[in-house]
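I opened this entry to look up two things, a pocket and a stretch of strands, and to write down what I found for each.

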Amino acid sequence: MISTINLKKELSSISAEVLNGNSFDRNDYARKILNYPAMMVPSVQEPIIKTLIDALPENSSMIDPFMGASNTIITSMRYGINSFGQDINPLSLLISQVKTYIYSEDLKVSFSKLKKRIHRARSEKIDISFKNIDKWFKKEVQIELSQIRRLIIQEENLFIRKFYWVALAEVIRLTNNDRTSTFKMHIRKQEEIHSRQVSPVKYFLKVCKRSIDDVFMVKQKLIENDLIINDKYIYDVQVAWGDSKKKLNTNKEYNLLVTSPPYGDNHTTVTYGQFSYLPLQWIPVADIDSSIDMNYLDVIQEIDRRSLGGKLISDYRKIEEEYFDISNSLKDFFQGFTEEEKMKARKVVVFINDLSITIDNALKKMMPNSYMAWTVGNRNVNTKEVQNDSILIELMEHKGVQLLTDLDRDILSKRMPGKNNFSKTMNKEKILIFKV
């Protein structure tokens, strides 16, 4: 282990080029198997995780309460540590299950058979029905998606089915009538929908082939580090569905936390739930996790409502006063607002309250002398910047957790929404590293 002073020096020596993701390889870490929103960049987190692991005892373990596309989990696996990730979005869990699983040659054999069968599919039966399905999918697209879905269901191996479901989710993203320039569901213009010719079958075969290459590249890296025996990762990796505001679904303790929470309530920033709504209509929940008890298929906004800051609370004024006492940065943000502007900005307080509760749950799982690395970004509300970095530091100090150091990075590689005010503020991030 190294001293705190030397650790700060090691962290500070990480180059801006690495932190900004200039050297990022999109073919690495199986990032392309689903173009999930606002994914953490593994090449940015890798040197931070490595440096912090070197400062910890052997048999280190990492937790991520907002795992998203599980890039922190995949990164931690390369360094041979036990890891746990959790997310409220079922699609996040599905992609994480696939990316952390070690596939054998059986996947390639299965795909070879599927390719032959998919070209023989002739049925025009549509298997899925939900509100406004014809708005979001052309009939010919629905037919091909149903053909693919039936073939996936016939696959006996659950984790191969999961792989195919993730591929199908990416195909749905590419072939539905939603605009891809924003994560919120916005229909394309009718003339564009009418003229646009897409084949889910062709996309599916292409995505599967590419994704098979990607997951086996991940496996090869682990093999090179002597971390695979008999097609199994030699350490413990778990991913789970759950609301981190309520609890973290693990009985273990960890000495490293690496995560990136949302920058604000999911309803007004990155709408992970809206992004996931259409793919999840086609994927049986039983093939993701039977413990999921959220009716996420009923309403487009349901996942986002359950996420941080997604629901307003009745005792808003009491919560506001509590957090104004804790965070001068939050209090200063509200200074000068009219009553109407304060009401518009009240979800900021609700988000901070939910984040604070989640931090408390995470701290319960942290060992003494452990480290936490939080990647956060600031955003604008009512044309005024919400200083999430300063607010998080003040929250941690209130809980007795001190900042060790902070690192700045320019956002170059994250897939952020392209057509809303939120994206204009998301050009920088801060990586805040705390010692518990």
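The notes below take the strands before the pocket, and I keep in mind that this is a predicted model.

**Entry 1, strand S2 and its partners.** I began with strand S2, residues 82–87, and asked how many of its residues are buried. I found that 5 of the 6 are buried, taking buried as under 20% relative accessible area, so S2 is largely enclosed by the rest of the structure.

I then looked up what S2 pairs with. Strand S1, residues 61–64, runs parallel to S2 and is joined to it by 4 bridges, and within this pairing I noted that Met62 stands opposite Ser83 in S2. S2 is also joined to S5 by 5 bridges, again in a parallel arrangement, with Gln86 standing opposite Ala240 in S5. Following the chain, I recorded that S1, helix H4 (residues 71–78) and S2 form a β-α-β unit that is right-handed.

**Entry 2, the second largest pocket.** I turned next to the second largest pocket, for which I wrote down a volume of about 260 Å³. It is lined by 13 residues, of which Thr100, Tyr101, Ile102, Phe159 and Val237 are the closest to its centre. Helix H5 (90–100), strand S4 (232–233) and strand S5 (237–241) are the elements that each give two or more residues to this lining.

Which element gives the most to the lining? I found that S5 does, with 3 residues, and S5 is the strand I had already noted as a parallel partner of S2. Sorted by class, the lining holds 8 nonpolar, 3 polar and 2 charged residues.

Key. Residues numbered from 1 in each chain as written. Predicted model: local features only at pLDDT ≥ 70, side-chain atom pairs only at ≥ 80, totals over all residues. Heavy atoms only, no water. 1 Å grid on protein atoms, 1.4 Å probe; cavity = no way out; pocket = protein on both sides within 12 Å on 5 of 7 lines; lining within 4 Å. Points joined across faces, edges and corners; volume = space filled by probe spheres on them. Nonpolar A, V, L, I, M, F, W, Y, C, P; charged D, E, K, R; others polar. Buried < 20%, exposed > 50% of the residue type's maximum accessible area, 1.4 Å probe, protein only. Pairing = 2+ DSSP bridges. Right-handed = clockwise from strand over helix to strand, strands pointing away.
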